[in-house]
Amino acid sequence: MGPEVARSLTRIRRENRRQLVIQLVSLVIAGLIVWWSVAGTGFSFQAMVRGVPNILRFLWEDLLPPRLDAAARYLMPALETLYMSYVAAVVAAFASIGFGILGARNLVPNAFVRYGSRAVVSFLRAVPDVVWGVLLVGVVGIGPVAGVIALTLGAIGMLGKNFADAFEDIDPGQVEAIRATGANPIQVFLQGVWPQFVPAFISWSFYRFDLNIRSAAIVGVVGGGGIGFALITNIRLFQYQAASMGILFIFGMILVIEFLTARSREAILGRA
Amino acid sequence: MGTPTLSFVHLTKRYRDGTLAVSDVSFDVQPGEFLVLVGRSGAGKSTLLRCVNRLIEPTEGDVLFEGRSVRPHRGRALRALRRDIGMIFQEFNLVRRKRVIDNVLHGRLGHYQGLRGTLGAFPREDVEKAIDILVRLGLEDQALKRADQLSGGQKQRVGIARAIAQNPKVVLADEPVASLDPASSENVLGFLRKICKEDGITAVVSLHQVEYAREFADRVVAMKGGKLIFDGSPEELSDERVQELYFVDSEESANDGEVTSPATHHASGQRRGGAA
């Protein structure tokens, strides 16, 4: 064994030892955090294990079987959820175009405007939809109006950011070419920037519509109308078998909408 | 000879990072001339072209378009200047998600007042004009295809069509065939020259292949390290001059492949890139 090989070997062994120490320390730290969290929440495995029969009994005796005849009473609330999600998605999509433009480095040179726009959007995103729901139910009262506004604010928080990023990702060459023809700024935007933005606009807006349905169910629970509100009403009245029908209904609706949005997104993008 | 179509007058462009892209370049382009600008990548060709239609602001010196400075133009006047100057790009820069015909019609945007053309509804006579141009370039069958469905050579012919649709007095072509194979390159340059000659359009075409310059140019101007180092007929562009232009590196060659011949040496930092 030559001296170089010996030296490499020592180096590799030292490195392996170092790695081992790092792994052990990480493990100890992770363990401490778990212990701390368990102490903080009073979590106990015994309670969880002891709870299992209760959970099963609740599932088996109270929730199941779903009352199929309760389906009818979810129809109108489900439609309401659909309307809420759709209106919120459309309003948010168009509002977010504005926030997106103002937040894009390549479109707005002024840093104050840009950071201002992005800050507003970040704030809307930082507050969970359900918290917007609680606040708005307090302001405009129980019902779908509060739900729609809550969903819209949440959607702007998401779309405003993604639209701004999408605008920043466009190919500057295509924009430069339109500018070079002597086009004015509005023409440059609509003919050079907008066509490049369309795919992101369609994809994100449809995806958000999809998410709105899930979100709407939660926002409904806190009083924002729609199927979530119908569900929580049944739960409060201990009509668990009707409630499980509602859960199935939400599940089905999400699947159907997801399928439809995926298909229409493909159709629109394939053509446009 | 009357007023040159373009006059470069001690044109200098220094980028904010200190790199000197174009350094004190002066030459004239006569009406109807097909001028080829040669030089290695980074010689300053792209920057020079973009100073003409002010996609880049010159630092010093000027460009005169039909005897008038391009530098004071703002807003509407600047757009009118750009309308008179068609531009063709190395990467074609077609709006990829738009149809071929729409891309050609983009050349008309500078002719409209207000919001016309913003939403993609173009006047009938302009559509006819665009089709006419596509026919001249042999592209009439592609008119309704999306721009991203074409081959490279076809894309660049659409690029030519868009520039011609402007009814320009000058066409600037920035490495129009650098992304194309040799057969397509010959084809594209042939079309470009033919149309410019037929319509009496003055052309400034940057290329890095000297063979094409010899084949297509009325006159050749060569740049190296931002400086003008040759101005003459294609025949005068001897093999020795080409050697000097492309292969003779100075002591500064360590600087990111930048070249400066001793004759054109200057103290300031060289730049890579007509990047812009």
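**Interchain contacts and the architecture of chain B**

In the predicted model, 24 residues of chain B are in contact with 19 residues of chain A. On the chain B side of this contact, helix α2(B) (residues 75–83) supplies the largest share, with 4 residues. By residue class, the side of chain B that touches chain A comprises 9 nonpolar, 8 polar and 7 charged residues.

Both chains are divided into two domains. In chain A, domain 1 spans 3–47 and domain 2 spans 70–271; their C-alpha centres are 43 Å apart. In chain B, the assignment gives a discontinuous set of segments for domain 1 (1–84 + 170–183 + 196–276), whereas domain 2 covers 98–167. Contact between the two domains of chain B involves 7 residues of domain 1 and 7 residues of domain 2. Helix α2(B) again appears here, giving 3 residues, the largest share of the domain 1 side. That side divides into 3 nonpolar, 1 polar and 3 charged residues. Thus α2(B) gives the largest share both to the side of chain B that touches chain A and to the side of domain 1 that touches domain 2 within chain B.

The secondary structure of chain B consists of 8 helices and 10 strands. Of its 276 residues, 45% are buried. Among contacts in chain B with a sequence separation of 6 or more, 71% link residues 24 or more positions apart.

Four strands of chain B form an open sheet in the order β2-β1-β4-β5, with antiparallel pairing. The edges of this sheet are β2 and β5 (68–69), each of which pairs on one side only. Strand β1(B) (residues 6–14) is joined to β2(B) (residues 20–29) by 6 bridges, and the two strands run antiparallel; within this pair, Phe8(B) is positioned opposite Phe27(B). The hairpin of β1(B) and β2(B) has 5 residues between the strands, and Gly18(B) takes a positive phi near 95° in this hairpin.

Strand β1(B) is also joined to β4(B) (residues 60–65), through 5 bridges in an antiparallel arrangement. Residue pairs between these strands include Val9(B) opposite Asp62(B) and Thr12(B) opposite Glu60(B). Strand β4(B) in turn runs antiparallel to β5(B), to which 2 bridges join it; Leu64(B) has Ser69(B) of β5(B) as its bridge partner. The hairpin of β4(B) and β5(B) has 2 residues between the strands, and there Glu66(B) takes a positive phi near 50°.

Helix α1(B) (residues 45–52) is largely enclosed by the rest of the structure, because 8 of its 8 residues are buried. The buried positions are Lys45(B), Ser46(B), Thr47(B), Leu48(B), Leu49(B), Arg50(B), Cys51(B) and Val52(B), a list that holds the charged residues Lys45(B) and Arg50(B). Just after this helix, Arg54(B) adopts a positive phi of about 60°.

Two further residues with positive phi are found in the loop between β6 (85–88) and α3 (100–105) of chain B, beginning with Phe92(B). Phe92(B) is not a glycine, yet its phi is positive, at about 70°. Asn93(B), in the loop between β6 and α3 of chain B, likewise is not a glycine and has a positive phi of about 55°. Are these loop residues buried or exposed? Phe92(B) is buried, since 25 other C-beta atoms lie within 10 Å, and Asn93(B) counts as buried because it has 24 C-beta neighbours inside 10 Å; the threshold for burial is 20 or more.

In soluble globular proteins, nonpolar side chains tend to be buried together. The largest nonpolar core of the model contains 130 residues, of which Val104(B), Ala161(B), Leu192(B), Ala203(B) and Val204(B) touch the most other members. The element that gives the most to this core is helix α6 (residues 144–168) of chain A, with 13 residues. When residues up to four places away in sequence are not counted, Val204(B) touches Leu6(B), Val29(B), Leu35(B), Leu37(B), Leu49(B), Val170(B) and Leu172(B). Among these partners, Leu49(B) is one of the buried residues of α1(B).

Notes. Residues are numbered from 1 along each chain as its sequence is written. Chains are lettered from A and ligands numbered from 1 in the order in which they are written. This is a predicted model: local features need pLDDT of at least 70, side-chain atom pairs count only at pLDDT 80 or more; totals for chains, interfaces and linings use all residues. Domain bounds come from an automatic or database domain assignment. Two strands pair if DSSP finds at least two bridges between them. A residue is buried if 20 or more other C-beta atoms lie within 10 Å of its own, exposed if 12 or fewer, and partly exposed in between; C-beta atoms are placed from the backbone. A nonpolar core is a set of buried Ala, Val, Leu, Ile, Met, Phe, Trp, Tyr and Cys residues joined through C-beta atoms within 7 Å.
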